[in-house]
Amino acid sequence: MSVKEAVDALRRDLIQEDGPQISTMRNFRFAILQYLPTEEFKLREEIQRLSEELKANGWMVLALDLHAMLLERLRAQPDDWVERVIRREKLLSSSKSPEHGLNELRERLRPQIEGPNGLAKDCSKCISEFINDHQDIPDFQDRTLVLLGRAGALHPFLRPGNLLRHLDGHTNGVPVILLYPGEREGQTGLKFMGIDEPDNDYRPRIYS
């Protein structure tokens, strides 16, 4: 299926008469739109078109940039934190085992990205604020869409499946779509950026 066909399928399931049908579970309103990393800009065009169409029909669309959210977290660290992390990574990368530098970087960034207090917390906060600003709109849960984008910019530090798991129960029941650059493996498996080992533990519906 092409990027356009995948987005069209998502559109059809969003605008159902009885509300969004992106999941078979009413209390689990997550879905994944998988696309090849080489089609990033095509994906952005199609998502922009979808967003504009939905807004024109009374929907509220919140687009969250995961890359920008991480940078905001890093800027909030002590003044010399980034410099110290860079120096340490360079030191370890120049050794006989360059992968040590990457592993060190993973450890330093993990608290900022992973777990319930990582990016999932920031996403949940943004969603809650967005909902509070529009709570006077009737049936907001069925006419609100959250898009999680720029996941590829966080490879190899982000684990998309963990992000969704920690977001579950913290989204005010609105539909959330993760834009996932990678490859599909079977019915439920996904290979982040086409590089990582396939993750077969995805509950959300996958559009690809």
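A residue counts as buried when its relative accessible area is under 20%, as exposed when it is over 50%, and as partly exposed in between. With that in hand, Met193 is easy to place: its relative accessibility is 24%, so it counts as partly exposed. The structure discussed here is a predicted model, and Met193 is a handy spot to start looking around it.

Met193 sits in the loop between strand S5 (residues 189-192) and strand S6 (residues 205-207). Its backbone is a bit out of the ordinary. Most residues other than glycine have a negative phi, and most peptide bonds are trans. Met193 is not a glycine, yet its phi is positive, near 60°. Asn172 goes the same way, with a positive phi of about 60° although it is no glycine either. Asn172 belongs to the loop between helix H7 and strand S4 (residues 176-185), and because its relative accessible area is 36%, it is partly exposed. Then there is the peptide bond between His155 and Pro156, which is cis, with omega at about 10°. Pro156 is found in the loop that runs between strand S3 and helix H7 (residues 160-167).

Strand S3 itself covers residues 144-149, and Thr144 is part of it. Is Thr144 buried or exposed? Its relative accessibility is 0%, so Thr144 counts as buried. Its side chain reaches the backbone oxygen of Phe140, at 2.6 Å. Looking past its neighbours within four places in sequence, Thr144 is in contact with Trp59, Met60, Phe130, Ile131, Val174 and Pro175.

Strand S3 also turns up around the largest pocket, along with helix H2 (residues 40-56) and strand S2 (residues 60-65): each of these gives at least two residues to the lining. The space in this largest pocket comes to about 330 Å³. It is lined by 18 residues, and those closest to the centre are Ile47, Ala63, Leu147, Gly149 and Leu179. Helix H2 hands over the largest share of the lining, eight residues. In terms of chemistry the lining is a mix, with nine nonpolar, three polar and six charged residues.

The second largest pocket has a volume of about 220 Å³. Around it are 15 lining residues, with Leu70, Leu74, Leu105, Leu109 and Phe157 nearest the centre. Here the elements that each supply at least two lining residues are helix H3 (residues 66-75), helix H4 (residues 81-93) and helix H5 (residues 99-113). Helix H4 makes the largest contribution, five residues. As for the make-up of this lining, 13 residues are nonpolar, one is polar and one is charged.

That leaves the cysteines. How many disulfides does a search of the whole structure find? The count is zero. Take Cys123: the closest cysteine sulfur to its own belongs to Cys126 and is 6.8 Å away, which is too far for a bond. A disulfide would need the two sulfur atoms to be within 2.5 Å. Seen from the other side, Cys126 has the sulfur of Cys123 as its nearest cysteine sulfur, and Cys126 is in no disulfide. As for their surroundings, Cys123 counts as buried because its relative accessibility is 0%, whereas Cys126, at 28%, counts as partly exposed.

Definitions and conventions
Residues numbered from 1 in each chain as written. Predicted model: local features only at pLDDT ≥ 70, side-chain atom pairs only at ≥ 80, totals over all residues. Heavy atoms only, no water. Helix = DSSP H or I, 4+ residues; strand = E, 2+ residues; numbered from the N terminus. Buried < 20%, exposed > 50% of the residue type's maximum accessible area, 1.4 Å probe, protein only. Polar contact = N/O pair within 3.5 Å; in protein donor to acceptor, adjacent residues only side chain to side chain. Contact = heavy atoms within 4.5 Å. 1 Å grid on protein atoms, 1.4 Å probe; cavity = no way out; pocket = protein on both sides within 12 Å on 5 of 7 lines; lining within 4 Å. Points joined across faces, edges and corners; volume = space filled by probe spheres on them. Nonpolar A, V, L, I, M, F, W, Y, C, P; charged D, E, K, R; others polar.
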